[in-house]
Amino acid sequence: MASFRDVRWSDAVPAAPARTALIAKHLCGSGVDEVLRQLEAQDCLPRIFVLAPCCFHKITLDGYCNVVYLRQVMGIDSEEALARVSRLTDWNMSFYQSNHERMLARIEAVRRSAGTNGKERACEAQLPSEAAAAAFCYQRRSGPRSIANSIPCTHAFAQLVEGLLNYGRMQWLRQRRYDVQLVQYVPDVVTPKNKCVIATRQAPTK
C-alpha cells in the first residue's frame, strides 16, 4: 500500500490545485502537518483546506509544520518539551475527567458516608452506569498520582494546548496567503476534538 508521501498530485487528482478543495478528517498527530508540507513541496497547495486535526498528543517536533512558531511563541525547542505540553491533550484523560467529575464526586460522597459497614448499601444505591465510575474513582484514589489526578480541569488545559497548536498551523497557512478560521463543527458531547481549520486561498493580486 502506497504512502501519501509517494503520491504525486498530478498522478492522483485530475483537477488543478487552484480548483480543488482538500478535506482531511481526523488525521492523527502530525498527519495534518505532513500533508501540508508534502503539498507545498509539490507546489500543489489547493484552493480550499478543511482540516480536522486529532491526537494532538502524538504530534512530533520534526513533523509539525511551524517549528519556528513553537520555538518563538511557545518556547518549545525539543521533542521532550513538546511532549510535556502535548500530553495534556490526551482524549481519555481530559474528556473523561471533564464530563464525569461531578458524578465521581457524588459516588465518593456516598462511599464516605456509608463507611466500612455500609458498603453493601452504597453499592445498591449506585445506578448501573455509576458502577464503572466507582471503580475508576477507586483507581484514582489508590493508583499512582499524576498530573491528570492532581488538576481538576485538565480538559480546559487540553483545549488551550490544542488551540495553540492549531494557531501555529493557521499562521503557516496565512503566510501562504490563505484566509483561515477555526470553527467548532460538533458539540463537546460528540467529541472534544471538534475543531476544524477552514482555509481559503486568496485570489492572486493583479
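Three salt bridges turn up when the whole structure, a predicted model, is searched. One of them joins arginine 169 to aspartate 33, whose side chains meet with 2.9 Å from N to O. This pair links distant parts of the chain, with arginine 169 in helix α9 and aspartate 33 in helix α2, which covers residues 31-41. The two residues sit 136 residues apart in the sequence. Both partners are tucked away from solvent: arginine 169 has a relative accessible area of 3% and is buried, and aspartate 33 is buried too, at 0%. The cut-off for buried is under 20% relative accessible area, so arginine 169, at 3%, falls within it.

Aspartate 33 has buried company in α2. Gly31, Val32, Val35, Leu36 and Leu39 are also among the buried residues of that helix. Just past the end of α2, aspartate 43 takes a positive phi, about 55°.

Helix α2 also supplies a partner for another salt bridge, this time through glutamate 40, which pairs with arginine 176. The closest N and O atoms of glutamate 40 and arginine 176 are 2.6 Å apart. Here too the link spans distant parts of the chain: arginine 176 belongs to the loop between α9 and β3, 136 residues away from glutamate 40. Glutamate 40 itself counts as partly exposed, because its relative accessibility is 34% and the partly exposed class runs between 20% and 50%. Arginine 176 has a further contact to its name, since its charged end sits over the ring of tryptophan 172, 3.8 Å from the ring centre.

The remaining salt bridge brings together the side chains of glutamate 162 and lysine 193, at 2.2 Å from N to O. Glutamate 162 is another residue of helix α9, while lysine 193 lies in the loop between β3 and β4 (195-201), so the pair ties together parts that are 31 residues apart in sequence. Glutamate 162 counts as buried at 7% relative accessibility, and lysine 193 is likewise buried, with a relative accessible area of 5%.

Aromatic pairs come next, and the search of the whole structure finds two. In one, the rings of phenylalanine 49 and tyrosine 178 have centres 5.6 Å apart and planes at 50°, so the pair is classed as tilted. Phenylalanine 49 is part of strand β2 (residues 48-54) and tyrosine 178 is part of strand β3 (residues 178-184), so the contact ties together parts of the chain that are 129 residues apart in sequence. Both rings belong to buried residues: phenylalanine 49 has a relative accessibility of 0%, and tyrosine 178 comes in at 2%.

The other aromatic pair is made by tyrosine 69 and tyrosine 167, and it is tilted as well, with 6.0 Å from centre to centre and 55° between the planes. Once more, distant parts of the chain are linked: tyrosine 69 is in helix α3 (residues 67-72) and tyrosine 167 is in helix α9 (residues 154-174), 98 residues apart. The two tyrosines are not covered alike. Tyrosine 69 counts as buried, at 7% relative accessibility, whereas tyrosine 167 counts as partly exposed, at 39%.

Helix α9 also holds alanine 156. That alanine is partly exposed, with a relative accessible area of 42%. Alanine 156 and leucine 88 are 9.5 Å apart from C-alpha to C-alpha, although 68 residues separate them in sequence.

Stepping back to the whole chain, there are nine helices and four strands. Read from the N terminus, the elements run α-β-α-β-α-α-α-α-α-α-α-β-β. The long-range links described above have a counterpart in the overall contacts: among contacts with a separation of 6 or more, 70% are between residues 24 or more positions apart. As for solvent, 39% of the 206 residues count as buried. The chain exposes about 12300 Å², and carbon and sulfur atoms supply 56% of that area.

Technical notes. Residues are numbered from 1 along each chain as its sequence is written. This is a predicted model: local features need pLDDT of at least 70, side-chain atom pairs count only at pLDDT 80 or more; totals for chains, interfaces and linings use all residues. Side-chain values use heavy atoms; hydrogens and water are left out. Rings of Phe, Tyr and Trp (its six-membered ring) pair if their centres lie within 6.5 Å; planes under 30 degrees apart count as stacked, over 60 as edge-to-face and the rest as tilted. Buried means under 20% relative accessible area, exposed over 50%, partly exposed in between (1.4 Å probe, protein chains only). A charge sits over a ring if NZ of Lys or CZ of Arg is within 6 Å of the ring centre and within 35 degrees of the ring normal. A salt bridge is a side-chain nitrogen of Lys or Arg within 4 Å of a carboxyl oxygen of Asp or Glu. Contact means heavy atoms within 4.5 Å. Accessible areas come from the Shrake-Rupley method with a 1.4 Å probe; for residues, only the protein chains shown count as cover.
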